[in-house]
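Biologist: I've got the files open, but I'm not sure how to read what I see. Could you walk me through it?

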Amino acid sequence: MNHSQYRRFGLAILAWGITLVIFFPIFWMVLTGFKTEAQAIADPTLFFTPTLDSYAAVQGRADYLKFAWNSVYVSFGSTLLALLIGIPAAYSMAFLPTKRTKGTLLWMLSTKMLPPVGVLVPIYLIFRDLGMLDTRIGLTLIYTLMNLPIVIWMLYTFFKDLPKDILEAGRMDGASTLQEVLYLLIPLTLPGIASTGLLSVILSWNEAFWSLNLTSSRAAPLTAYIASFSSPEGLFWAKLSAASTMAVAPILIFGWLTQKQMVRGLTFGAVK
Amino acid sequence: MRTRASGRTVGGLRSLSLQAPAVTLLLIWMLVPLGMTLWFSFQRYNLLMPGMERFAGWENYEYLLTDPALWSSMATTLVLVGSVLAISVIGGTLLAVLYQQDFFGQGVARVLAISPFFIMPTVSALVWKNMMMHPVNGVLAWFSGLFGLPAVDWFSNYPLLSIIIIVAWQWLPFALLILLTAMQSLDDDQVEAARMDGAGPLAVFFFITLPHLKRAISVVIMIQMIFLLTIFAEIYVTTSGGPGLATTNLAYLIYIRALLEFDVGGASAGGVIAIILANIVAIFLIRMVARNLDD
Amino acid sequence: MATLQLKQIAKRFDDTEVLKGIDLVVNDREFVVFVGPSGCGKSTLLRIIAGLESASSGDLLVDGQRINDVGPADRGLAMVFQSYALYPHMTVEDNMGFSLRLAKVPKGERRAKVREAARILQLEPLLDRKPKALSGGQRQRVAIGRAIVRNPSIFLFDEPLSNLDAALRVQMRIELARLHEELDATMIYVTHDQIEAMTMADKIVVLQAGVVEQIGSPMELYHHPCNRFVAGFIGSPKMNFLPVEAVGSDERGVEVTLPGGGGSVVPVSGDGVVAGQSLELGVRPEHLLLDEQGPLRGRIEVIERLGGQTSLYVRMEDALVTITADGDVTNAVHDEVRFGFEQKRAHLFDGQGLALQGLHRHPLSELERRDNRARPDAGA
């Protein structure tokens, strides 16, 4: 090996070493999910007979599915709503800009800056009075509003990338606004819309402030379910790991799929 | 030819109607709770004492500002935000440079390294608290045992540090993701030109890479700040703010006041302070994004 | 079948006035080219005609009917965009048939119309491809095909050749001229390239800073530019401008003192010219002649030999002039040369840059290109 090959080899070792350290807790969690409770608290080992007992136990508790369904309901429901409201708004900002557009965009961004704890009390009281505490609809609504600015921003940056000419050609060809959006804009920016949707799903799925504070038994999503393992009597590591693995796996995959595009949404278009 | 007045060229009106739902919803979402928080913060209002509500003036603020818990929670917040920022930005920048290099399995390594960002906070916190940091059965205890060192009881002895580690583990990958993406827009020609000018790897990092990342780094700092100021779930499932007030940050303090002590007035005053803090950061972030909108 | 009339069309974006009251008539079947430097407002004007932009004031009439408030698709126009603006997710056939699909034209008829347009443009083998699988020239033709399918009364072209390489541009220029002939349609064409304007137009509209500088046939603009801007913009290489001083004027024209002291008479009207007045002499490079006895002199700085002709860049006391000379001239760099110019082809501009009226009209400048063509219905 010559000098540069040594260098590359060393680099690979270093990078992989760091990667494994960062990823280790996730790896360990997945591994522990396949252990028995006794193995889970025994000395760490990579070699053991895997078992699906913990998964069976978690699945067996009928309420896991309920929590999972709540998570799916609120994250996909809120994403759909946000896209439905966000696409027309982003379309008009990207293709029919007025003097106010920039200000509107920034203002939308500023609503995202409002810390949730700052409005916890009123939201809690409003929800209590409207009977929306511990309801899926209530949480869905909160997540829609929480993600709407990000969704609009991200869509806006993707729409901006579409040459204006193409929509104008459509207009010359006689397309109405709705036809323009359905036949041209959506098919042409589908990858962008998909990653926007996925980011919104990820953010809602992992949200743990409103879900912990506004739901209890009926509408609680997985974040709240996992939190219930924090009580001392609930400390069954293998089951915690199995439940956690199931809770994070789909989102992890979504994240891997769209990591590059979602940077735009996370940074409000400031980094592409 | 039909002479239908289509109004399609009247951009302003059409644009307004398309944005109306989004704008209206966000306006309500912002103004109503904000107004109520402000209003409550001037009320004596405890859910345990219904019918006793009255105007309190600055009472809640006076009470809050003279409460040592507030100052301790502010300090905790600042330490938490500061250390996580330092770790994630410095670490993220160095790692971005590392992962940008060409090595075997680069793509897979990158994906694995950014994964913690996609893990829900309650899972991260519990996995770390139990399987990693448990003083008896945790991996870290086992690891120090290998070297004959005593196990550390992380959450009893270093509660805030433990929280910082967990939060940094979640947010370092965020910084890495953003900075890696920003790095990809760095022109290879620029680096090669610098090499031709005699710049070594360090000089390239300091004179080319770092200036190129400047904007992305500031975006990372500001966005993380907004989120880190109100870290909640990680504390909720691990320490519940304790021992004592050791890990109670502002967000958790407001939660205690509001939903455990039912002191609506006091919690709202705390909320106003949190909003003011977040806005100081937000102003800078929004300015920066605005500048970015122009080019 | 359409005559387009623009009356005092103006456009403001915020505080900037992009178009300042444009008056223009585009006759039926005419090929009109808007030409001007970038930012002159020519594209905005085209977009206003298309209906993609609304005029801030003024009227737009097609066959006498006001169309300001008619939607772009209902104006009976078709536009070919600079970027072609093909729909990337549709095949060539679907691209060309999209407007018909939106208009709910039955499939069979749609197909027939698309095929017909594809035949005219020799696109038949490409109908099933997506735009990404086409070359630049093919995309260009699809964009034109999409316009043809709509059977518009007026075709609009927004710098359609600017994304093609030089050779293809020449070829497309010829093809567009052929299409104009074959379709017998009114065409409005925007370009910044004066060569495209000269070669294709029946009528050129020169725009600058939102104002029409001159409207006329290519030969009229070349031989009788009405001001310094048009004189410099039309023709390649650019016209040379030399500072001169008026001595006097009579029926032969205006007598001027040239740089270096020589004198000459330029056959233009001397109305309002007083002795001693500063003027500018404009002579195109092809009308400067190397001549041992010529009244002008300078030193050659650069020589560009193109084979058939040679461009000499000559440094005079206070100007650099270009001379287009024969391909076989033997001069070398640094040579001192003397030269003169064809008086009847020279122009004089006053202090405001306005041309002094020529005493003789060039015979070709009155010629409408259209009259030149053998047309079956001509002379009716």
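Modeller: We'll take chain C, then a sheet in it, then the contact with chain A. This is a predicted model, where local features need pLDDT of at least 70, side-chain atom pairs count only at pLDDT 80 or more, and totals for chains, interfaces and linings use all residues. Residues are numbered from 1 along each chain as its sequence is written, while chains are lettered from A and ligands numbered from 1 in the order in which they are written.

Biologist: How many helices and strands are there in chain C?

Modeller: Helices (H or I, at least four residues) and strands (E, at least two) are DSSP runs, numbered from the N terminus. Chain C has nine helices and 20 strands. Its C-alpha atoms fill a box of roughly 75 × 50 × 45 Å along the principal axes.

Biologist: What is the strand order in the open sheet of five strands?

Modeller: Two strands pair if DSSP finds at least two bridges between them. In chain C the order runs 15-19-16-17-18, with antiparallel pairing. Strand 15 (288-290) and strand 18 (320-326) of chain C sit at the edges with a single partner strand each, so one side of each has no neighbour in the sheet. From one strand to the next, the twist averages 50 degrees; axes here are lines fitted to C-alpha atoms, for helices over the stretch in contact, and angles run from 0 to 180 degrees between N-to-C directions.

Biologist: Over how many bridges do strand 16 and strand 17 of chain C pair?

Modeller: Six, in the antiparallel sense, between residues 296-305 and residues 309-315. For a spot to click on, Ile303(C) stands opposite Leu312(C) in strand 17 of chain C.

Biologist: Now the interface. Which elements of chain A give two or more residues to the side that touches chain C?

Modeller: Count residues as in contact if their C-beta atoms, placed from the backbone, lie within 7 Å. Then 14 residues of chain A are in contact with 16 residues of chain C. On the chain A side, the elements are helix 8 (164-172) and helix 9 (177-188), and helix 8 of chain A gives the most, with six residues.

Biologist: Why is helix 8 of chain A largely enclosed?

Modeller: Call a residue buried if 20 or more other C-beta atoms lie within 10 Å of its own, exposed if 12 or fewer, and partly exposed in between, with C-beta atoms placed from the backbone. Seven of the nine residues of helix 8 of chain A are buried, so the rest of the structure largely encloses it. Among them are Ile166(A), Leu167(A) and Met172(A). After helix 8 of chain A comes Gly174(A), with a positive phi near 100 degrees.

Notes
Two residues are in contact if their C-beta atoms, placed from the backbone, lie within 7 Å.
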